Amino acid sequence: MSSYIEKALHTLYQRGITSREQLLTELLRVKLTCQAIDAATNKATFEDKQRLFQQMKKSTEAELGYFPGDRDFFADLFDLCKDIDLIEYTLEIYNSDRLGVIISPPELTAFIDTLIDEKRPETILITEAEKHLAGLRALVDRHPEQEITLTTAYRHMYLLLTFALQEAKHVTVFHQSVYRKLLLPKTYDLIYCLPAFGGKGDDLGGPYLTNQTDGIALENTLPLLNDYGVLLAIVPARFTFAGGGFSALRKHIVQHHAVESIYSLPEGTFRPYSAVKSYLIAISKAPLDSVAVGSVDFDQAAFVRREQKRIAHAELLNLDDWRMELLAEEDENLSRYKHSALPRVKLKDMAEVFRGKSVLKKDIKPGRIAVLNISNIDDGEINYTDLETIDEEERKVKRYELVDGDLVLTCRGTTIKVAIFRQQDRLIIASANVIVIRPQKEVLSEYIKLFFESPVGTSLIKSYQRGTTIMNLNHSDIAEMEIPLAPLEQQRQMIDAYRREQTLYRQALQQAEQRWREAREDIYAKMI
């Protein structure tokens, strides 16, 4: 942060001006006042506090509201802020605010800039331009021949961008939200969209296929593509596999558009704003024969594409699941799973899937209700002796009660743990760190456990992870997992065979440990 920006912010903070909107308003007020003085060529106003104050009121209060101070305060603020770069100041406020707005790193904006060069569009739309402030001016300056349209849902950001980019005659700013129908005067050759991840859009009208902000943003931008346009959208991982509205949206995209490419973005791309795993998807209005699948890596301070495979677009038409692990299909086990002769059935169609109860540390106390947590699951077994307890009415926790045969899967932490719950002589509930899978028909919980523990099952579980380093699984995503469903008798045979071999393994291990222990004791005895 520059010393000028630091001093300006400190001055505003001291006056109780602390919100993002207030901080932007007051710098914009200074800039508009400065512009009005220049336009009037009345340089003496700079030196006269009273005339400066009157000029400010005349040129800004109708648009920005009343100034929260007297003429001396404005004169001091004016001296501090008149030479500050407006975009740099705004970026500093957004970086410090952390109110859920993702700010794109400049390296990512530079990478998008290279894609713009490849596509050679004449018209460009960038939605929610405030997210790209770190590299926006450079992008705008590099494309003076293209018509660039920016949108923002925030009135003060609209005023700020309009002022900051007023010299760029090829840029137009619209005060519109990408989460509502965009009323723009043209269609575009290229659209770049980085929507809010996982927000609710229930009150945004519609009709929309999804009720999530990331899905709604795509639904509102796709109609703005011209006949050969391309939408570059950054989406969270769950966009590629989630059911319901997202499944309908994926079908809509492949039926009415063409997916040009799907690339995973590097881990930590949007930290510290979000740790969600994300993808860059390119959607074309024109028909295409194939889809590029790969990753975008961070190499030598720049984003670089690594194409792994191309698949026929006709194949994508038949796939409801766009997870990279399945599309790339480099893993032999995943390939066998994908082409298995066994029918694949979603967990939600043969089991109840729910997440446990949120239990805070302060809630842990001596009580009648035990809580199953991550630490109680080890090596495929549950340790029932060290369960923490809470003191709560049974009726309030009944929905989280574990019953005999429930499969439990950890959804937090650094490793995947899975076990079968066996009935105990007390009430035990699952914590929020555990997903419970309760088979309803046609499948045995031990069969699901074996699949989860297999190389394929482990890879599939990881592919549903919404986070990056720390595991973060959502029960609704796991419910979408497809399990190869063998007949019940075959399931029992597999389970019996597994149990037999596991018993033999443990017996052999126990005997080997016993021999090793006796051999050591014999050797030690001979030493004395």
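A contact here means heavy atoms within 4.5 Å of each other. Keep that in mind, everyone, as we look at this predicted model. Taking the contacts in the chain with a separation of 6 or more, 71% are between residues 24 or more positions apart.

Now the overall picture. The chain has 528 residues, and 50% of them are buried. There are 18 helices and 22 strands. If you lay the C-alpha trace along its principal axes, it spans about 100 × 60 × 60 Å. The chain exposes about 26,000 Å², with carbon and sulfur atoms supplying 48% of that area.

For those of you who like electrostatics: I count 67 positive and 77 negative charges, and their mean positions are 3 Å apart.

Let's turn to one strand, β12, which covers residues 364–372. Which strands does β12 pair with? One partner is β15, residues 388–390, which runs antiparallel to β12 and is joined to it by four bridges. In that pairing, Ile364 stands opposite Ile390. Another partner is β19, residues 428–430, and here the strands run parallel, with three bridges between them. Over on that side, Ala370 stands opposite Ile428.

On to salt bridges, of which the count is 33. My first example is Arg238 with Asp214, at 2.9 Å from N to O. What does this pair tie together? Arg238 sits in the loop between β5 and α10, while Asp214 belongs to helix α9, so the bridge links parts that are 24 residues apart in sequence. Are these two residues buried or exposed? Both Arg238 and Asp214 are buried.

Compare that with Asp297 and Arg306, whose side chains meet in a salt bridge at 3.3 Å, N to O. Asp297 has 29% relative accessibility, so it counts as partly exposed. Arg306, at 34%, is partly exposed as well.

Then there is a mixed case, Glu401 with Lys398, where the closest N and O atoms are 2.9 Å apart. Buried means under 20% relative accessible area. Glu401 comes in at 18%, so it counts as buried. Lys398, on the other hand, has 44% relative accessibility and therefore counts as partly exposed.

I'll finish with a group. Which residues are linked in a network of salt bridges? They are Asp404, Arg422, Glu446, Asp496 and Arg499. Have a look at them in the viewer, and thanks for listening!

Note on methods:
Residues are numbered from 1 along each chain as its sequence is written. This is a predicted model: local features need pLDDT of at least 70, side-chain atom pairs count only at pLDDT 80 or more; totals for chains, interfaces and linings use all residues. Side-chain values use heavy atoms; hydrogens and water are left out. Helices (H or I, at least four residues) and strands (E, at least two) are DSSP runs, numbered from the N terminus. Buried means under 20% relative accessible area, exposed over 50%, partly exposed in between (1.4 Å probe, protein chains only). Accessible areas come from the Shrake-Rupley method with a 1.4 Å probe; for residues, only the protein chains shown count as cover. Lys and Arg count as positive and Asp and Glu as negative; His and the chain ends are not counted. The place of a charge is taken as NZ of Lys, CZ of Arg, CG of Asp or CD of Glu. Two strands pair if DSSP finds at least two bridges between them. A salt bridge is a side-chain nitrogen of Lys or Arg within 4 Å of a carboxyl oxygen of Asp or Glu.
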